[in-house]
Amino acid sequence: MSRLAHSYLEEFDFKEPVILLAEEITAALIAEVPRERIAGIVSLQGSGNSIAAILARNLNIPTLIGVDIPLQKLDRHLFIVDGIRKELLVDPTAGVLTEYQGMILDNEKNSKILLEEQFLPADTEDGVHINVNLNAGLSFDEKEQSILPLIDGVGLYRTEIEFMMHKNFPTELEECRHYEEVLKNFAEKKVVMRTMDVGGDKPLPYLPMNELNPFLGWRGIRVSLDKPNLLLAQFRAMLKANRKYENLSIMLPMISSLDEVLAAKKLLDQAYNEICEEYSTVIDYPKIGAMIEVPAVLFILEDLAPHVDFFSIGSNDLTQYTLAVDRNNPKVSKLYDSFQPSMLRAFYRIFRICDKEIHRPISVCGEVAGDPLGALMLISIGYRELSMNYTSVPLVKYILRHVNMSELQEVFAKAIKLQDAIEIRNLYRDYANKKGLLSMIK
Ligand code: PEP
Ligand code: MG
């Protein structure tokens, strides 16, 4: 357990809302505190792209990650955690408190506007529909269910979170019950379940991984293929769970070569045959997809295409590996930018190949898809399927409904010629401003 500035977590009764301040706030730590009691999060380690930050965003908690502050001196003071301006205000004056109360009211007004439109389809002004999917598995309450009428499906279900919550590997039966629950919650909608993606900043307490470079090490599909019985059990559990709901697709994380896809598919075939035999019936064979997170995949898309049904870009990792910037390291977080020209061109290249050459559906499920300007950038390239966190859905839908695709294509034609991330982002920001959307975006 991470050490908080004041004491260990169990000493708190959480009667009052608290700001969690720690050397390092982890996803597991956040999960242990009742959501309604967390007013803010401040972590010295990590960055806005770490899994803890993604979880905090998903839960709509103001968060500062990777800040340089004297932790020990801050206990039991009054704070404002400004997650928008990325500022921590200690013992704010009455004037500052009033200013923030005004900002909270403005925010509430904006939220009301979003809520009024949230059930409308994500169609641009000129009638182009964008599929808006949910990144699920990070929410510890049932909120995700209330989002059902707003989304087209689940574009990413992070199965590793369930593994992280256990004290030991769950049994196949436990896994199956859990997946059944998920497929049932989203019945009638497509659910893309990703096989266990541990490693990096998602350690499993019961699977020691002491590595110097965990993001370049034993992660995702590499762990699963080294422990084939685990992957086989996961496939079996998914297939069994899907018998009733038939809405499952499976996605493989951290793919970097054709071998990995073929090895995983061999195990999926085995699981499929076993389940058909055990139940003496022919079950649904799920669609299988590969994540594009490792730049190597950009150069083997044509080789992978005959063996997968779809691709999905994990832009959190694709940005990290393309730019060689640790997504967790606050010292280099300024360099981590999905608007870099190299990233824009990577997104463009992937879209073009999937759309024109290999004819495979392509979506984006990294954080860039849930960022309003990121979403504009992606749809201007041609992407029509975005998957994002719970809290991003109403905002991104609103933004998509108030832009014009042919205008955005003109923005893209300019953006692709630029050589600077700030200029590229500003093009999309200027366009959002022209459409009167900036006050929503912040
Ligand atoms: C990604 O890398 O963009 C992604 C969706 O996976 P995760 O953030 O869980 O690594
Ligand atoms: Mg990833």
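Modeller: Quick key first: Ala, Val, Leu, Ile, Met, Phe, Trp, Tyr, Cys and Pro count as nonpolar, Asp, Glu, Lys and Arg as charged, and the rest, Gly among them, as polar. This is a predicted model, with local features needing pLDDT of at least 70 and side-chain atom pairs 80 or more, while totals for chains, interfaces and linings use all residues. Residues are numbered from 1 along each chain, chains are lettered from A and ligands numbered from 1, and hydrogens and water are left out.

Colleague: How many charged residues are in the lining of the second largest cavity?

Modeller: That cavity (on a 1 Å grid, points where a 1.4 Å probe fits but cannot get out; lining means an atom within 4 Å of a point) holds about 30 Å³. Phe163, Met196, Ser224, Leu230, Leu231 and Gln234 line it. They split into four nonpolar and two polar, and the charged count is: no residues.

Colleague: And which helix gives the largest share of the lining of the largest cavity?

Modeller: The largest cavity has a volume of about 80 Å³. Among the residues closest to its centre are Arg158, Arg194 and Glu293. Its lining has seven charged residues, along with four nonpolar and four polar. The largest share, three residues, comes from H11.

Colleague: Why is strand E9 largely enclosed by the rest of the structure?

Modeller: Leu248, Ile250 and Leu252 point one way from E9, Ser249 and Met251 the other. E9 (strands are DSSP runs of at least two residues, helices at least four) is largely enclosed because the number of its five residues that are buried (under 20% relative accessible area, 1.4 Å probe) is five.

Technical notes. Buried < 20%, exposed > 50% of the residue type's maximum accessible area, 1.4 Å probe, protein only. 1 Å grid on protein atoms, 1.4 Å probe; cavity = no way out; pocket = protein on both sides within 12 Å on 5 of 7 lines; lining within 4 Å. Points joined across faces, edges and corners; volume = space filled by probe spheres on them.
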